[in-house]
Amino acid sequence: MDMPEGSNEAVSGIKEPQNKIPRTERGRRTLRKLLDASAIEFGEKGFHEASVSSITRRAEVALGSFYTYFDSKDALFQALVKDMSAQVKQAAGSAVGALVKKGTATAFDIEATALSSFLSFAREHKEIYRIIDESEFVDPDAYRAHYEATAERIYDRLSAGAKSGEMRDDLEEAHAWAVMGMNVFLGLRYAVWANEDDDTDAAKVARSILEKGIAKDRQP
């Protein structure tokens, strides 16, 4: 279960009909405003109680302009799920990429960094949990795609760790889903439900679990 809020890369991941894709910088900014406003609206009210008129007011965009980008509230929600999923991917990718460039990162450093970046994103965008959870019923395909893509990225990292000799050779897809499940619930507890006096380093805890569970046995 990462991206800067104004990222054009996140917007580019939205697969809207060809005539709905903004072709100007102004159009891309308007689309970004709508997505950001809808994240707040859906996060606060849920899909069914949210309204297009309220979203456009939040975005300070004319109601009529909404239909330049989306055919319906459903289409906006579908785009938002894909956009938030892309933001999570970008945030983790950026953090991991910066770490790898230093040249000394271990496979376990990478997993801890990916989780830390997700926790930071979730603290700033707590609405992601409600939006992704609600998509199971509003847009089941996007819900499944989000988790399948996340698990695939984790599995790729675990496979690289096994190839480097740091992680066990018998890791499979199920291990990636197990890691993802741990990360999702750590995010719920230590990002969305975090208390002011929480001092738990969730990424450090997760790292210790991984090191004891999937590290390659070095004993002869």
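# An all-helix pattern in a predicted model

Of the 220 residues of the protein, 46% count as buried. The model described here is a predicted one, and its secondary structure comes to 10 helices and 0 strands, so that the order along the sequence reads α-α-α-α-α-α-α-α-α-α. With a radius of gyration of 19 Å, close to the 17 Å that the globule rule gives for 220 residues, the protein is as compact as a globular protein of that length.

**Overall dimensions and surface**

- Along its principal axes, the C-alpha trace of the protein spans about 70 × 40 × 30 Å.
- The protein exposes about 11900 Å², and carbon and sulfur atoms supply 51% of that area.
- The protein carries 30 positive and 37 negative charges, and the mean positions of these two sets are 5 Å apart.
- On the surface, a patch of negative charge gathers Glu 152, Asp 156, Glu 172 and Glu 173, and of these residues Glu 173 is found in helix 9, which covers residues 173–192.

**Salt bridges within a helix**

- A search of the whole structure finds 13 salt bridges, and the pairs described below are among them.
- Side chains of opposite charge can pair when their charged atoms come close.
- In helix 2 (residues 25–45), Glu 25 and Arg 28 lie 3 residues apart, about one turn of the helix, and their side chains meet in a salt bridge with an N to O distance of 3.3 Å.
- Both partners of this pair have an intermediate exposure: Glu 25 counts as partly exposed because its relative accessibility is 36%, and Arg 28 counts as partly exposed because its relative accessibility is 29%.
- In helix 8, Arg 144 and Glu 148 are 4 residues apart and therefore separated by about one helical turn, while the closest N and O atoms of their salt bridge are 2.6 Å apart.
- The two partners in helix 8 fall into separate exposure classes, since Arg 144 is exposed with a relative accessible area of 56%, whereas Glu 148 is partly exposed with a relative accessible area of 34%.

**Salt bridges between parts of the chain, and a network**

- The side chains of Glu 111 and Arg 157 meet in a salt bridge with an N to O distance of 2.5 Å. This pair links distant parts of the chain, with Glu 111 in helix 6 (residues 107–124) and Arg 157 in helix 8 (residues 140–163), 46 residues apart.
- Glu 111 is buried, because its relative accessible area is 5% and the cut-off for buried is under 20%.
- Elsewhere, Glu 41, Glu 44, Lys 45 and Arg 58 are linked in a network of salt bridges.

**Buried residues and their spacing to other parts of the chain**

- Leu 99 has its place in helix 5 (residues 73–101), and at 19% relative accessibility it counts as buried, the cut-off being under 20%. The C-alpha atoms of Leu 99 and Ile 110 are separated by 7.4 Å, and the two residues are 11 residues apart along the chain.
- Met 180 is found in helix 9 and counts as buried at 3% relative accessibility. Between the C-alpha atoms of Met 180 and Glu 152 the separation is 9.9 Å, with their positions 28 residues apart along the chain; Glu 152 is also one of the residues in the patch of negative charge.
- Met 167 lies in the loop between helix 8 and helix 9, and with a relative accessibility of 0% Met 167 counts as buried. The C-alpha atoms of Met 167 and Asp 217, which are 50 residues apart along the chain, are separated by 8.2 Å.

**A loop residue with a positive phi**

- Glu 60 is placed in the loop between helix 3 (52–59) and helix 4 (63–69), and it has a positive phi of about 55° although it is not a glycine.
- Glu 60 is exposed, because its relative accessible area is 70% and the cut-off for exposed is over 50%.

Key: Residues are numbered from 1 along each chain as its sequence is written. This is a predicted model: local features need pLDDT of at least 70, side-chain atom pairs count only at pLDDT 80 or more; totals for chains, interfaces and linings use all residues. Side-chain values use heavy atoms; hydrogens and water are left out. Patches are made of residues with over 30% relative accessible area and no salt bridge: like charges are joined within 9 Å, nonpolar side chains (Val, Leu, Ile, Met, Phe, Trp, Tyr) within 5 Å. Accessible areas come from the Shrake-Rupley method with a 1.4 Å probe; for residues, only the protein chains shown count as cover. A salt bridge is a side-chain nitrogen of Lys or Arg within 4 Å of a carboxyl oxygen of Asp or Glu. Lys and Arg count as positive and Asp and Glu as negative; His and the chain ends are not counted. The place of a charge is taken as NZ of Lys, CZ of Arg, CG of Asp or CD of Glu. Helices (H or I, at least four residues) and strands (E, at least two) are DSSP runs, numbered from the N terminus. The radius of gyration is taken over C-alpha atoms; the globule rule is 2.2 Å times the number of residues to the power 0.38. Buried means under 20% relative accessible area, exposed over 50%, partly exposed in between (1.4 Å probe, protein chains only).
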